[in-house]
Amino acid sequence: MLQDFLKSFENTDLSKLSLKDLVKLEKTLSLYEATTPLSVQREKINQEYMKRAKKDENLRFSVHEIKTGYKKESWQGGGLPPEQSKLFHKRDLPSDEWDSSCAWKLHLDVVPNRKHPVTKEISDFLIEFGVHHKILDGGDGGKGMTIYTGSYDDTIKLAKIIQEKFGSKIYIPPVYTDQFKEEYAFEPTVYGRFGIGKTHCIYPMKNIGIVGISPFLNILLTFEKTVAKSKKLEQTGITQFFMNYRVPALTISGKKLLTYITHKLYVALYGHYYYGTSLEQFENKFFGNNIPAKNTAERKDWDELAETFVQEAQEKTFFKMFQDRIKGYPALDFTDTNTRLYTSISSKWKQKKQTPDYKEMASDIISKMKREI
């Protein structure tokens, strides 16, 4: 059977297959992969998906529809009963107090339709938790659900809870999705990034080794001349690159430098809200060996440029404006949630007559939450 499949695969022109047939072929491949390494065939299918994704940003949603029958459908809390709606909007404060665009956010590769059982189960859990989220609604590249978490510490905690409770039900983002290409994997199926204002994840990608930190294009455009002074970037073409999102306009080193400068801007703007308890641990985690080592001449040049950039930014009116946007940030209250969450899970367990494993899992989640606080 396997040999027949491999022979058929070898003689198939993937580019001529309909999306439905490509999905069917991938499903068959996945069945054989459970017992046999088929890296060559997997790579060919991934390459075909990536080619198609360049022409269709909704490709992942179409694949979900073929697999599950659920069409994509946006949702931002509409139609909820009053008591649920109140919980859902619990953390939504006036924009002059807290702005969810100045925050960490998580993305889950789930079927982009709240009627799908798994998507609804996760959404209901987040509503009970009082966490603002949306399904689809402007998402692309596989972002079936967006969860606005806020601070870095809250993001890490919530990502762990989601993975423990729903990880086996959430898809691992395929290579052609934005999550895989641009975002940090907090957990195997929970990806996320930090972005402020109007952002576009175009150069923090896996091919330069840095993901999860979105460039603030408006600011980088404003200070492009400052960046160019480092002579590490080409002065010609920088503006055109940002305006057209043309990757070749900058070198790999230049993209890393600009991401590092953006990071330093976020540090100055938001401090611990952005990077958690330890800046050194944060930089090691997100940058690793993709920035010059400490105490080297090149790292000194990068830090001096970033400092100049931040100093100029602090003189602009936007700086205080963005700082003010998180003053009313309502942190996720894990302590208050413990009892209510456990009661809710236990109640659902009894109603659905599920196995005791579910109850034990709920108890484990609460215990781990208590240890982390």
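**Entry 1: Glu-283 and its partners**

I opened with Glu-283, which counts as buried at 6% relative accessibility. A note to self before going on: this is a predicted model. Which residue forms a salt bridge with Glu-283? I found Lys-264, with the closest N and O atoms 2.9 Å apart. Lys-264 sits in helix 12 and Glu-283 in helix 14 (residues 279-286), so this pair ties together parts that lie 19 residues apart in sequence. I then followed the shared partners and arrived at one network of salt bridges that joins Lys-264, Glu-283, Arg-299 and Asp-303.

**Entry 2: other salt bridges**

How many salt bridges are there by this rule? My count came to 18. I picked out two more to look at.

The first was Arg-42 with Glu-33, whose side chains meet at 2.6 Å, N to O. Are the two partners buried or exposed? Arg-42 counts as buried because its relative accessibility is 16%, under the 20% cut-off. Glu-33 counts as partly exposed, at 27%.

The second was Asp-178 with Lys-181, a salt bridge with an N to O distance of 4.0 Å. Both residues are in helix 8 (residues 178-182), and as they are three residues apart, about one helical turn separates them. Asp-178 is buried, with a relative accessible area of 11%, whereas Lys-181 counts as partly exposed at 28%.

**Entry 3: helix 12 against helix 16**

Having met helix 12 through Lys-264, I stayed with it. How do helix 12 (residues 252-270) and helix 16 (residues 317-324) pack? Their axes are 9 Å apart, at an angle of about 65°. I noted the crossing of helix 12 past helix 16 as right-handed. On the helix 12 side I listed Leu-265, Ala-268, Leu-269 and Tyr-270, and these meet Phe-319, Phe-322 and Gln-323 in helix 16. Sorted by class, this contact has six nonpolar residues, one polar residue and no charged ones.

**Entry 4: helix 1 against helix 2**

Next I went to the start of the chain, to helix 1 (residues 2-10) and helix 2 (residues 19-33). The two axes cross at roughly 145° and come within 12 Å. Is the crossing of helix 1 and helix 2 left-handed or right-handed? I have it down as left-handed. Leu-2, Phe-5 and Phe-9 are the helix 1 residues in the contact, and in helix 2 they meet Leu-25, Thr-28, Leu-29 and Tyr-32. The class tally here is six nonpolar, one polar and no charged residues.

**Entry 5: strand 5 and its neighbours**

I turned to strand 5 (residues 190-195) and asked how many of its residues are buried. Six of the six are, so the strand is largely enclosed by the rest of the structure. Going face by face, I found Val-190, Gly-192 and Phe-194 on one side and Tyr-191, Arg-193 and Gly-195 on the other, all of them buried, with both faces covered.

Then I checked the pairing. Strand 1 runs antiparallel to strand 5 over five bridges, and Lys-105 stands opposite Arg-193 in strand 5. Strand 4 (residues 184-187) also pairs with strand 5 in the antiparallel sense, over three bridges. Here Glu-187 stands opposite Val-190. How many residues lie between strand 4 and strand 5? Two, and the strands form a hairpin.

**Entry 6: two loop residues**

My last look was at two loops. Where is Asp-99? I located it in the loop between helix 5 (82-88) and strand 1 (103-108). Asp-99 is buried, at 15% relative accessible area. Its C-alpha is 9.0 Å from that of Gly-150, although the two are 51 residues apart in sequence.

Gly-150 belongs to the stretch of strand 3 (145-150), and Ser-151 is in the loop between that strand and helix 7 (152-166). Ser-151 counts as buried, at 9% relative accessibility. Which residues does Ser-151 touch, not counting those up to four places away in sequence? I noted Trp-104, Tyr-273 and Tyr-329. I also looked up Ile-326, which is 175 residues from Ser-151 along the chain, with 9.5 Å between the C-alpha atoms.

Methods:
Residues numbered from 1 in each chain as written. Predicted model: local features only at pLDDT ≥ 70, side-chain atom pairs only at ≥ 80, totals over all residues. Heavy atoms only, no water. Axes fitted to C-alpha atoms, helices over the stretch in contact; angles between N-to-C directions. Helix = DSSP H or I, 4+ residues; strand = E, 2+ residues; numbered from the N terminus. Left-handed = near helix turned anticlockwise from the far one by under 90°. Contact = heavy atoms within 4.5 Å. Nonpolar A, V, L, I, M, F, W, Y, C, P; charged D, E, K, R; others polar. Buried < 20%, exposed > 50% of the residue type's maximum accessible area, 1.4 Å probe, protein only. Pairing = 2+ DSSP bridges.
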